[in-house]
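The exercises below are to be worked with the sequence and the coordinates at hand. Each task is followed by a solution in steps.

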Amino acid sequence: MLNAAAKPLVKLVERYLPDPYIFVLLLSIVVFAAAILFEQQSPLAVLGYWGDGFWSLLSFSMQMLLVLVTGFMLASTPLVKGILDRLAALAKTAGQAILLVTVISLLASWINWGFGLVVGALFAKALARKVKVDYRLLVASAYSGFVVWHGGLAGSVPLTIATPNHFSEAQIGIIPTSETIFAGFNLLLVALLFIAVPLVNYLILPKAGDSVYVDPAKLQDADLADSSTSRPADKLENSMLLALLVGFAGIAYLVQYFAKGGGLNLNIVNFLFLFLAIVLHGTPRRLLHSLQQAIQGGAGIVIQFPFYAGIMAIMVQSGLAQSMSQWFISFASAESLAFWSFISAGIVNIFVPSGGGQWAVQAPVMLPAALELGADVSRIAMAVAWGDAWTNLIQPFWALPVLAIAGLKAKDIMGFCLVQLVITGVIISLVLSFAFT
């Protein structure tokens with residue numbers, strides 16, 4: 001039954017969803033027009049917001065590119081490839097492959113969102129080399145695990161409000177992760193999604209006649225050709241000593257960092273991936289070979305993220321994001337505020353696809369409303385976090401690294417993700433509204 005319901009959605013998305021680059025261009029026009037019509041901003045003012053903010057995510061864009069590149073380099077090491085291949089061998093049928101990739105992606109994303117994106121996509125490729133399974137759904141299943149990231153260990157909203165001197169401390173104080181990430185309602189929600197998301201992916205598996213398969217030979221990594229070692233430069237490129245000295249220096253820094261109480265963040269994850277890759281590849285030449293393969297898929301990130309930065313700037317500077325949030329909470333009560341916070345965050349996330357950036361936009365609206373209505377502040381904060389994570393299922397922004405690694409386009413996976421959007425939305429809404437733990 002679920003498979004039958006998913007089939008027209010998949011075909012609809014495949015037919016009408018444009019390339020993510022076209023999507024971001026259309027989104028830019030929509031936001032530009034909305035700021036003029038609804039916020040009474042002049043075209044020149046909106047143009048200024050857009051242009052001034054266009055390059056504001058350069059640092060983040062580089063971080064995301066490195067998530068893709070360093071994750072690919074690490075996964076292409078003999079050790080990690082061997083682990084992924086052994087895990088992939090556990091799947092004997094298409095259904096088992098779908099379940100396995102979803103669970104691994106959920107677990108990795110709960111630990112860290114960047115880790116989850118890369119591991120899920122690379123594990124999907126490993127499974128596709130072993131099992132005959134619809135490749136679109138396999139990659140969509142890998143991406144669907146991303147939905148739990150904001151309720152996990154690297155959730156930017158709960159970590160922000162647990163950090164001393166955060167920008168809302170004067171209003172709400174410091175809220176420990178025991179009241180957000182490790183609160184009963186959040187753990188219940190994560191547990192339910194660990195059951196529901198793999199099950200839904202399993203149930204929407206297309207029949208053999210409707211499946212799209214990939215040639216396993218096309219997923220094989222290019223072999224490293226032999227090279228001469230007659231030149232001194234060649235000897236340096238093939239030097240294990242040079243690689244290990246630098247690689248272990250980086251690992252030593254990480255040991256020191258964590259020993260001092262440092263936590264996971266995007267820079268540390270990229271640092272970890274890079275220096276593990278340096279050590280496990282063994283020679284600079286092997287690392288550079290994997291880099292050449294990895295960088296090919298980064299074009300979408302390089303060209304599209306500046307446009308999203310411009311969209312975010314218009315949303316924030318024009319007041320459009322705040323107006324959207326205020327409209328939703330205008331008819332909320334203490335009991336329903338978590339639900340409407342979740343829905344509004346999901347919609348805002350389409351235009352402001354950044355967890356930290358979205359909290360900066362919505363916190364000044366949601367927190368005073370929660371305090372005035374007497375709602376649970378920690379639950380409202382997590383409702384915003386879950387809304388941000390929820391609509392990532394249909395937001396091509398975060399799918400770019402996965403699609404780059406898998407070699408697919410957004411239209412190939414978003415139909416399946418749309419099914420997950422509906423079902424996970426119901427689950428998250430019910431838990432946020434009615435779970436009392």
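**Exercise 1. Secondary structure and overall dimensions**

How many helices and how many strands does the protein chain have? Then check the radius of gyration against that of a compact globule, and give the box that the C-alpha atoms fill.

Solution.
- Step 1. The model is a predicted one. Its protein chain has 22 helices and zero strands.
- Step 2. For a compact globule of 437 residues, a radius of gyration near 22 Å would be expected. The protein chain has 22 Å, so the value agrees with the rule.
- Step 3. Along the principal axes, the C-alpha atoms fill a box of roughly 75 × 50 × 45 Å.

**Exercise 2. Burial, contacts, surface and charge**

Describe the protein chain by its buried fraction, its contacts, its accessible surface and the placement of its charges.

Solution.
- Step 1. A residue counts as buried under 20% relative accessible area. By that cut-off, 54% of the 437 residues are buried.
- Step 2. Take the contacts between residues at least 6 apart in sequence; 80% of them join residues at least 24 apart.
- Step 3. The accessible surface is about 18700 Å², and carbon and sulfur atoms account for 68% of that area.
- Step 4. The chain has 21 positive and 20 negative charges, and the mean positions of the two sets lie 14 Å apart.

**Exercise 3. Two residues of one helix**

L288 is found in helix α15, and S290 lies in helix α15 as well. Classify the accessibility of L288 and of S290, then list what S290 touches.

Solution.
- Step 1. Helix α15 covers residues 284–295.
- Step 2. L288 has a relative accessible area of 45%. Partly exposed residues fall between the 20% and 50% cut-offs, so L288 is placed in that class.
- Step 3. S290 has 2% relative accessibility and therefore counts as buried.
- Step 4. With residues up to four places away in sequence left out, S290 touches F72, M73, S76 and H281.
- Step 5. For L288, a C-alpha separation can be added: E237 is 51 residues away along the chain and 9.2 Å away in space.

**Exercise 4. Sequence separation against spatial separation**

Which C-alpha distances go with the pair A389 and H150 and with the pair R86 and K235? Also state where A389 and R86 are located.

Solution.
- Step 1. A389 is part of helix α20, residues 377–390. It counts as buried because its relative accessibility is 1%.
- Step 2. A389 and H150 are separated by 239 residues in sequence, yet their C-alpha atoms are 5.9 Å apart.
- Step 3. Apart from neighbours within four places in sequence, A389 is in contact with V147, W149 and H150.
- Step 4. R86 belongs to helix α5, residues 78–88. Its relative accessibility is 55%, so R86 counts as exposed.
- Step 5. R86 and K235 are 149 residues apart along the chain, and their C-alpha atoms are separated by 33 Å.

**Exercise 5. A side chain to backbone contact**

Which backbone atom does the side chain of D412 reach, and is D412 buried or exposed?

Solution.
- Step 1. D412 sits in helix α22, which spans residues 410–434.
- Step 2. The side chain of D412 reaches the backbone nitrogen of K409, at 2.8 Å.
- Step 3. D412 has 14% relative accessibility, so the residue counts as buried.

**Exercise 6. Positive phi outside glycine**

Where in the chain are Q40 and N165, and what are the phi values of Q40 and N165?

Solution.
- Step 1. Q40 is placed in the loop between α2 (20–38) and α3 (43–53). Its phi is near 55 degrees, a positive value in a residue other than glycine.
- Step 2. Q40 has a relative accessible area of 64% and is therefore exposed.
- Step 3. N165 is placed in the loop between α9 (156–161) and α10 (169–172). Although N165 is not a glycine, its phi is positive, at about 70 degrees.
- Step 4. N165 counts as exposed because its relative accessibility is 69%.

How values were computed: Residues are numbered from 1 along each chain as its sequence is written. Side-chain values use heavy atoms; hydrogens and water are left out. Helices (H or I, at least four residues) and strands (E, at least two) are DSSP runs, numbered from the N terminus. The radius of gyration is taken over C-alpha atoms; the globule rule is 2.2 Å times the number of residues to the power 0.38. Buried means under 20% relative accessible area, exposed over 50%, partly exposed in between (1.4 Å probe, protein chains only). Contact means heavy atoms within 4.5 Å. Accessible areas come from the Shrake-Rupley method with a 1.4 Å probe; for residues, only the protein chains shown count as cover. Lys and Arg count as positive and Asp and Glu as negative; His and the chain ends are not counted. The place of a charge is taken as NZ of Lys, CZ of Arg, CG of Asp or CD of Glu. A polar contact is a pair of N or O atoms within 3.5 Å; within protein, one must be able to donate a hydrogen and the other to accept it, and residues adjacent in sequence count only if both atoms are side-chain atoms.
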